[in-house]
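This report goes through the side-chain packing and a few backbone features of one protein model. The sequence and structure come first, and the text follows.

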Amino acid sequence: MNSTLNPKLFLKIWVSLYVVIFGFPSVLGYIPYLNFFVLKYIQALIDRFTTLIGRLIFGIPDLFRPEFNGSGDTTFGYVELLSILILSFTLAVFAVIFLRKKPWIGKVYDWAMIFARYYVGLLLISYGINKLGQFPSPGIGMLEHTYGESSPMGLAWRFLGYSDTYKIFMGLSEMIAGILLLFRRTAVLGALVSVAVTINIVMVNFSFDVPVKILSSHLMLFSILILLPSIKVLLDFFLFQKHAILTTTGRIWKTKRQRRFWMTAKIYYAFFIPFTMLSSNLWMWSKERNTNEWDGVYTFTQNNLPDSVGIYWSRVVIDNQGLQVETSGENKHRYLIQEVKDGGELYFVSALKQETPFKLIIKEAAENIYQLQVEMKNRHIDISATRKKKMDYLLMNRGFNWVNEYPFNR
């Protein structure tokens with residue numbers, strides 16, 4: 001190996017360190033107990049460095065990593081990007097100055113790309129498996145929501161959540177890309193599929209203001225980095241129509257112990273973890289798909305007795321485990337359904353701690369006429385209502401049509 005200092009070596013080490021630090025501790029975090037005893041302390045040091053950068057460069061005195069709430073595009077997340085760039089640059093300078101003569105230094109990029117393959121691969125498998133849960137089918141609450149009151153992300157979620165067929169297609173695309181990335185012989189094909197998949201994810205996130213822009217952009221970037229060593233061969237074959245051979249160099253292990261260790265790690269990461277992800281999510285889906293048979297929008301056909309300030313109840317919206325009361329004062333009061341018993345007996349509570357739940361009894365009096373009996377606090381309501389079910393909405397009953405004599409676009 002050439003022991004002289006060169007920019008190419010420095011760039012490779014810098015990129016390698018950036019990839020590993022950004023993806024830390026994702027891949028290693030799957031190893032039992034390692035996170036509890038080691039990784040969380042390293043992550044704490046990286047977080048401390050990020051808070052230092054936030055204070056010194058951006059003047060943010062109280063920067064901290066927030067609890068995960070579905071958004072990855074937080075202030076901490078963007079400051080963390082700069083801190084990772086600085087940290088990886090500093091470590092790369094140290095490596096090329098003091099470690100450039102080491103025989104293994106030239107293999108750092110190769111090992112970093114293995115890390116990137118497993119990082120992107122396992123994330124895409126997880127994303128693919130979660131697709132049905134990530135974009136739920138429209139419930140009563142969503143169907144009652146108007147376009148004008150939707151956020152861009154909410155609009156995208158409702159569009160993507162409408163079709164189970166499209167969700168399965170998206171999920172399978174991500175899973176196939178992830179699985180292919182986990183194996184050396186299919187890594188290039190996996191990277192090609194992954195680039196296509198992640199570009200689509202990035203465009204959705206940026207176009208609809210989905211707060212996963214940082215992560216999705218890095219999944220796309222890492223997929224491109226995995227593909228880069230093979231880009232010349234691919235261009236020769238696809239673009240210039242030259243004879244090209246795509247080779248994938250295997251790992252040469254010196255001892256049987258090293259080979260056994262690598263095979264054990266391969267089985268664990270490429271088979272056991274994906275299987276665990278799938279089985280756990282199948283169990284969660286079976287729980288989440290249990291719907292409330294009394295879902296619907298109940299609109300009162302007559303005014304009920306007003307409360308102390310003269311406000312009437314106008315509608316009750318039941319959506320799975322949620323119950324919303326709408327009043328004539330255009331207020332909405334939300335409750336949580338704790339229990340549903342036979343005979344249309346529902347028990348619900350407010351968001352606050354409540355020892356004795358309220359009670360709602362729903363009885364079908366005639367075709368699409370229901371009698372609602374409500375007991376809450378000192379108030380008793382007995383009133384008739386019509387019910388609008390999920391399949392009464394055009395969006396849910398239109399269905400698929402092979403023949404359309406004209407576009408049905410409303």
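The charged end of K242 lies over the face of F240, at 5.8 Å from the ring centre. The model is predicted, and side-chain atom pairs count in it only at pLDDT 80 or more. K12 is placed in a like manner, with its charged end over the ring of Y109 and 5.6 Å from the centre of that ring.

**Aromatic pairs**

Aromatic pairs number 23 in the structure. One of them joins F10 and W14, whose ring centres are 5.9 Å apart and whose planes meet at 40 degrees, a tilted arrangement. Both residues belong to helix α1, which spans residues 7-23, and 4 residues, about one turn of the helix, separate them. F10 has a relative accessible area of 17%, so it counts as buried. W14, with 24%, is partly exposed.

The pair of F115 and Y119 counts as stacked because the planes of the two rings are at 5 degrees and the cut-off for stacking is under 30 degrees. F115 and Y119 also sit 4 residues apart in one helix, here α4 (residues 108-129). Both are buried.

| Pair | Centre to centre | Angle between planes | Class |
|---|---|---|---|
| F10 and W14 | 5.9 Å | 40 degrees | tilted |
| F115 and Y119 | 6.4 Å | 5 degrees | stacked |

F115 and Y119 are also members of an aromatic cluster, together with Y18, F22 and F222.

**Nonpolar cores**

Which residues touch the most other members of the largest nonpolar core? They are V19, F22, M113, Y119, V120 and F222, in a core of 42 residues. Eight helices are named as giving this core at least two residues each: α1, α2 (34-56), α3 (75-98), α4, α8 (164-181), α9 (187-207), α10 (213-227) and α12 (256-288). The largest share comes from α4, with 14 residues. F22, Y119 and F222 appear both in this list of best-connected core members and in the aromatic cluster.

V120 gives an example of the contacts involved. Leaving aside residues up to four places away in sequence, V120 touches L181, S194, L219, F222 and S223. A second core of 22 residues is separate from the largest one, and its members include Y298, F348, V374 and I383.

**The cavity**

The structure holds 1 cavity of 30 Å³ or more. The space in the largest cavity is about 30 Å³. Its lining is made by W313, V316, L323, V325, F348, L360 and V374. Strands β2 (313-319) and β3 (322-327) are the elements that give two or more residues to this lining. F348 and V374 line the cavity and are also among the members of the second core.

**Backbone features**

The loop between α1 and α2 contains P25, and the peptide bond from F24 to P25 is cis, with omega near -5 degrees. Y33 lies in that loop too. Its phi is near 70 degrees, a positive value in a residue other than glycine. Is Y33 buried or exposed? Its relative accessibility is 63%, and the cut-off for exposed is over 50%, so Y33 counts as exposed.

D209 is found in the loop between α9 and α10. Although D209 is not a glycine, its phi is positive, at about 55 degrees. D209 has a relative accessible area of 49%, so it is partly exposed.

Definitions and conventions. Residues are numbered from 1 along each chain as its sequence is written. Side-chain values use heavy atoms; hydrogens and water are left out. Rings of Phe, Tyr and Trp (its six-membered ring) pair if their centres lie within 6.5 Å; planes under 30 degrees apart count as stacked, over 60 as edge-to-face and the rest as tilted. Buried means under 20% relative accessible area, exposed over 50%, partly exposed in between (1.4 Å probe, protein chains only). A charge sits over a ring if NZ of Lys or CZ of Arg is within 6 Å of the ring centre and within 35 degrees of the ring normal. A nonpolar core is a set of buried Ala, Val, Leu, Ile, Met, Phe, Trp, Tyr and Cys residues joined through side-chain atoms within 4.5 Å. Contact means heavy atoms within 4.5 Å. On a 1 Å grid over the protein atoms alone, a cavity is a set of points where a 1.4 Å probe fits but cannot get out, and a pocket is an open set with protein on both sides within 12 Å along at least five of seven lines; lining residues have an atom within 4 Å of a point. Grid points are joined across faces, edges and corners, and a volume is the space filled by probe spheres set on the points.
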